[in-house]
Amino acid sequence: MGTLWHGGTIYTLQQENHQAEAVYTKGNKIVELGDFRDLKEKYKEEIQEEIDLNGSTMLPGFVDSHMHLIGHGERLIRLDLSKHTSKQDVLMAVRQFSETVEEGDWVIGEGWNENLWEQPEPIYAHELDHVVPNHPVMLKRVCRHALAVNSLGLKKANISEETECPPGGVIDIDEQGKPNGLLKDQAQELLFHVLPIVSENYLKKALHAAINDAYKLGLTGGHTEDLNYYGGFGQTYQAFKQVIEGDEMPFRAHLLVHHEVVEDMVEAGGSFLGGSEHIEFGAMKIFADGALGGRTALLSHPYADDPSTSGVAIYSQEQLDILVEKARMHEMPVAIHTIGDLAFEMALKAIEQHPLKGMGRDRLIHAQILRKDLIDRAKKLPLILDIQPRFTASDFPWVIDRIGEENMEYCYAWKTLLEEGVPCAGGSDAPIEPANPLLGIHAAVTRTNIDDPNTTVYYPNQALSVYEAVSLFTKGSAFAASHESDLGIIKEGYFADFTILKEDIFKIPKQQIADITVDKTVIDGKIVYDA
């Protein structure tokens, strides 16, 4: 028995402005599109339910092409520092939260961002010591490529002026040469190794929170990288299975596999695109550099606001080549974190050295700081760029001072990438940015920050059309995961995953896109969220 959807505006995205009057679904698939009366007559013996959209707008289901689903859930269930607009506010929030934690237990917070503060200075150990003297404290910066830890936390991790910094990391020091509490990129691992192991119940709680929130945001799936951080591959993968399949919370989780747990995946019988309709394995994840916030994204030139550094290479070119070769041995594409142009160049070299021969396509994630020669090389390869349009809203204007105006021509250049024929998919990088895809679409279309009272438009020549922006989170995400034949558009034989919006995203003033209301979220033909 099936369902007939009608009574609203249905954009199939097969082509721009292509519409259908009604859609008939059966089970988890789309059976036919067409005229409402024709479909009702044709399937009158099979229609179990008619759903009147009451003027709402139906789209293919939004899928976030790059997020950290468990991390997004953690942000929802523990201390969130992302909204605080001064260091003092952050410190007070940490002090208050510490009073709810048993003495001696870790105080862990998420999301501080000094670029939101009038005085853009990071958090140091001595400041945390003052407000929380009896707990070890770890506060992850919004980018998750840096963290602040207090003296008790440094002591638990045995970090001192004698500690050797891991390759690809930075242990920040004060004027006396002692660690000041800031750990960047691979140096964070020194602390992660002494944190309490997370429990299965904690993972399930975080996933429940994340997926429930995703439903409210109109997300029917996400490409997520979590498998190496929460007690190992086995526990984390089982948590996904227990929540999505065992607890019947459908969500299309496409799991990128960190290179350190690829063998665990293989040992468990996994392979690229193996798994189930709701949980499958994706490309092998590699980090090539850090982030712009901590000046660890790897540039081909010194930072304009700190010429003493040009960033951090997590791996040498030879090491990166070996990691890509490892993926090919397991018949996997790679998904490489590359924010800086030199990291992007190193990733291209590794992929050119070890080209993909099997299924899928390689992914270069973020691709914020580019050059014309790199774009020309990228479009010759079977790859896709995972871009996060929302970074446009959160990184400007400070990123111009950081990179240098003279180096900005091909930075955050989403329109140029599409015009050059480079496939792109849209994600949020949640919890680094909000998971709301409408915020990403708004940023891609307007090149503004909704919180900016001056409504400054940053590089308007790089603004996308609404159709291009919506396609990033639908067709783009499907293409990135090799699902362009069953996801991303509304078409016969495709999965019945829909995002239903109260307003017509293609007709509403573009400045109002961020305020659109999600009416319903549909996965496998079933409504999982109804406003």
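## The enclosed cavity

Arg75, Glu110, Gly111, Arg141, Val142, Arg144, Pro431 and Ile432 line the largest cavity. This is a predicted model, and in it that cavity has a volume of about 40 Å³. How many cavities of 30 Å³ or more are there? The count comes to 1.

## The largest pocket

Now for the open space. The largest pocket has a volume of about 1,300 Å³. It is lined by 49 residues, and the closest to its centre are Lys140, Phe192, Leu195, Tyr229 and Tyr230. The elements giving two or more residues to this lining are α2 (69-77), β8 (107-112), β9 (137-141), α6 (189-192), α7 (200-216) and β15.

Which element supplies the largest share of that lining? That would be α2, with 3 residues.

## Helix α2

Arg75, one of the residues lining the largest cavity, is also one of the buried residues of α2. The others on the buried list for α2 are Leu69, Ile70, Gly71, His72, Gly73 and Glu74. With 7 of its 9 residues buried, α2 is largely enclosed by the rest of the structure.

What do those buried residues pack against? They sit against β6 (62-67), β7, β8, α7, β13 (219-224) and α8.

## The mixed sheet

β7 and β8 turn up again in an open sheet of 6 strands, with the order β7-β8-β9-β10-β12-β11 and mixed pairing. At the edges are β7 (79-80) and β11 (169-173), each of which pairs on one side only.

At the β11 end, 4 bridges join β11 to strand β12 (residues 179-185), and the two run antiparallel. To find the register, look at glycine 169: its bridge partner in β12 is aspartate 185.

## The β2-β3 hairpin

Closer to the start of the chain numbering, strand β2 (residues 19-26) and strand β3 (residues 29-34) pair in the antiparallel sense over 5 bridges. Valine 23 has leucine 33 in β3 as its bridge partner.

What happens at the turn? The hairpin has 2 residues between the strands, and glycine 27 takes a positive phi near 65° there.

## Strand β15 and its partners

Back to β15, one of the elements lining the largest pocket. All 9 of the 9 residues of this strand (residues 279-287) are buried, so β15 is largely enclosed by the rest of the structure.

β15 pairs in the parallel sense with strand β14 (residues 252-258), over 5 bridges. Here leucine 255 stands opposite phenylalanine 281 in β15. With helix α9 (residues 262-267), β14 and β15 make a right-handed β-α-β unit. β15 is also joined to β16 by 4 bridges, again running parallel, and isoleucine 286 stands opposite isoleucine 336 in β16. The helix that goes with this pair is α10: β15, α10 and β16 make a right-handed β-α-β unit.

## Lysine 326 on α10

Is lysine 326, which lies in helix α10, buried or exposed? It is buried, with a relative accessible area of 17%, against a cut-off of under 20%.

Leaving aside neighbours within four places in sequence, lysine 326 is in contact with His259, Val262, Glu263 and Met284.

## Helix α11

Does the length of helix α11 (residues 341-353) come out short, long or as expected? At 1.5 Å a residue, its 13 residues should span 18 Å, and its end C-alpha atoms are 18 Å apart, which agrees.

The buried residues in α11 are Asp341, Ala343, Phe344, Glu345, Met346, Ala347, Leu348, Ala350 and Ile351. Their cover includes α10 (317-329), β16 (334-338), β17 (362-366), α12 (372-378) and β18 (383-387).

## Aspartate 247

One last stop is aspartate 247, in the loop between α8 (233-246) and β14. It counts as partly exposed, at 35% relative accessibility. Not counting residues up to four places away in sequence, aspartate 247 touches Lys204, His208 and Gln242.

How far is aspartate 247 from proline 434? They are 187 residues apart in sequence and 25 Å apart in space, C-alpha to C-alpha.

How values were computed. Residues numbered from 1 in each chain as written. Predicted model: local features only at pLDDT ≥ 70, side-chain atom pairs only at ≥ 80, totals over all residues. Heavy atoms only, no water. Expected span 1.5 Å × (residues − 1). Buried < 20%, exposed > 50% of the residue type's maximum accessible area, 1.4 Å probe, protein only. Contact = heavy atoms within 4.5 Å. Pairing = 2+ DSSP bridges. Right-handed = clockwise from strand over helix to strand, strands pointing away. 1 Å grid on protein atoms, 1.4 Å probe; cavity = no way out; pocket = protein on both sides within 12 Å on 5 of 7 lines; lining within 4 Å. Points joined across faces, edges and corners; volume = space filled by probe spheres on them.
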